[in-house]
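Hi everyone, thanks for coming. Let me put today's structure on the screen, and then I'll walk you through it.

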Number of protein chains: 2
Amino acid sequence: MDNVEGNTIFIGKKGTMSYVLAVITQFNQGANIVVIKARGKTISKAVDVSEIVKNKFVNTLKIENILISTEEISTENNTPMKVSAIEIVLSK
Amino acid sequence: MDNVEGNTIFIGKKGTMSYVLAVITQFNQGANIVVIKARGKTISKAVDVSEIVKNKFVNTLKIENILISTEEISTENNTPMKVSAIEIVLSK
């Protein structure tokens, strides 16, 4: 069984190509599925990463599923804040 | 047959709630399907709009499909630029 959790890439503040490389590395290390997760403003970057991997590096890439949701995160002063999230499930 | 094109909301520079209102208006005017489209940095806003409509206004909302793609747009100096796009298909 695939350890899907282990193949999850969280999109953060680094440049888009860092995450593209992270996805490619996961696939090259034998992962069949890689999940890209992002929240808030980094959602656009998650879509960019998927599209760049598909169009430039892994021609056989398939977007298995795209899920959107709302997560509650706690901010610095402990007031909860709702933020949109995306999960893009990729397979080779 | 539904005129899906007519029920498409393009996400731009306005505030999130403007687009939330636009989606709700489409449904209230009898649309069964509303498609939210966004490109580049506004992709996050498209997800926000879908989630706010679902969680706060239309409890029966179903996300029928989410598609991501790459579009080529021409910039001011006529050099083509690739940009990620999202299409979120909502039904009531």
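I'll start with one chain, then turn to how the two chains meet. Please keep in mind that this is a predicted model.

So, chain A. Its secondary structure amounts to two helices and four strands, and if you read along the sequence you meet them in the pattern β-α-β-α-β-β. The C-alpha trace of chain A spans about 45 × 30 × 20 Å along its principal axes.

Now have a look at the strands. In what order do the four strands of chain A sit in the sheet? The order is β1-β2-β4-β3, and the sheet is open, with mixed pairing. At the edges you find β1 (8-10) and β3 (62-74) of chain A; each has a single partner strand, so one side of each is left without a neighbour in the sheet. On average, neighbouring strands here are turned by 20° against each other, direction ignored.

A quick reminder for the bench people: strands of a sheet pair through backbone hydrogen bonds, and they can do so parallel or antiparallel. For an antiparallel example, take β3(A) and strand β4 of chain A, residues 80-91, which pair over 12 bridges. If you want to find that strand on screen, look for Met81(A) in β4(A), with Ile73(A) standing opposite.

Chain B gives us a parallel example. Its four strands form an open sheet in the order β1-β2-β4-β3, again with mixed pairing. There, β1(B) pairs in the parallel sense with strand β2 of chain B, residues 33-39, over three bridges. Ile9(B) is the residue to click on, and opposite it in β2(B) you'll see Ile36(B).

Next, how are the two copies related? Chain B can be laid on chain A with an RMSD of 0.0 Å, using a turn of 180° and a shift of 0.0 Å along the axis. The two copies are thus related as by a two-fold rotation axis. Which C-alpha of chain B is nearest that axis? That of Ser44(B), at 2.8 Å from it. Both copies also use the same surface, as 100% of the contact residues of chain B recur in chain A.

Let's zoom in on the contact itself. Each side contributes: 18 residues from chain B and 18 residues from chain A. The area buried between the chains is about 1,300 Å², and carbon and sulfur atoms give 62% of that. In chain B, the residues that lose the most area to chain A are Ser44(B), Ile66(B) and Ile68(B), together 39% of what that side buries.

One part of this contact is a pair of helices. Helix α2 of chain A, residues 43-57, packs with α2(B) at an angle of about 115°, and their axes are 7 Å apart. The crossing is right-handed. The residues in touch are Ile43(A), Ser44(A) and Val47(A) from α2(A), and Ile43(B), Ser44(B) and Val47(B) from α2(B). By class, that makes four nonpolar, two polar and no charged residues.

The helices also reach over to the partner's sheet. Helix α2 of chain B, residues 43-57, lies across β3 and β4 of chain A, and runs at about 65° to β3(A). Going the other way, α2(A) lies across β3 and β4 (80-91) of chain B, at about 65° to β3(B).

That's my tour, and I'm happy to rotate the view for anyone.

Methods:
Residues numbered from 1 in each chain as written. Chains lettered and ligands numbered in written order. Predicted model: local features only at pLDDT ≥ 70, side-chain atom pairs only at ≥ 80, totals over all residues. Heavy atoms only, no water. Pairing = 2+ DSSP bridges. Axes fitted to C-alpha atoms, helices over the stretch in contact; angles between N-to-C directions. Contact = heavy atoms within 4.5 Å. Least-squares fit on C-alpha atoms with pLDDT ≥ 70 in both. Left-handed = near helix turned anticlockwise from the far one by under 90°. Nonpolar A, V, L, I, M, F, W, Y, C, P; charged D, E, K, R; others polar. Buried area = accessible area lost by both parts, 1.4 Å probe.
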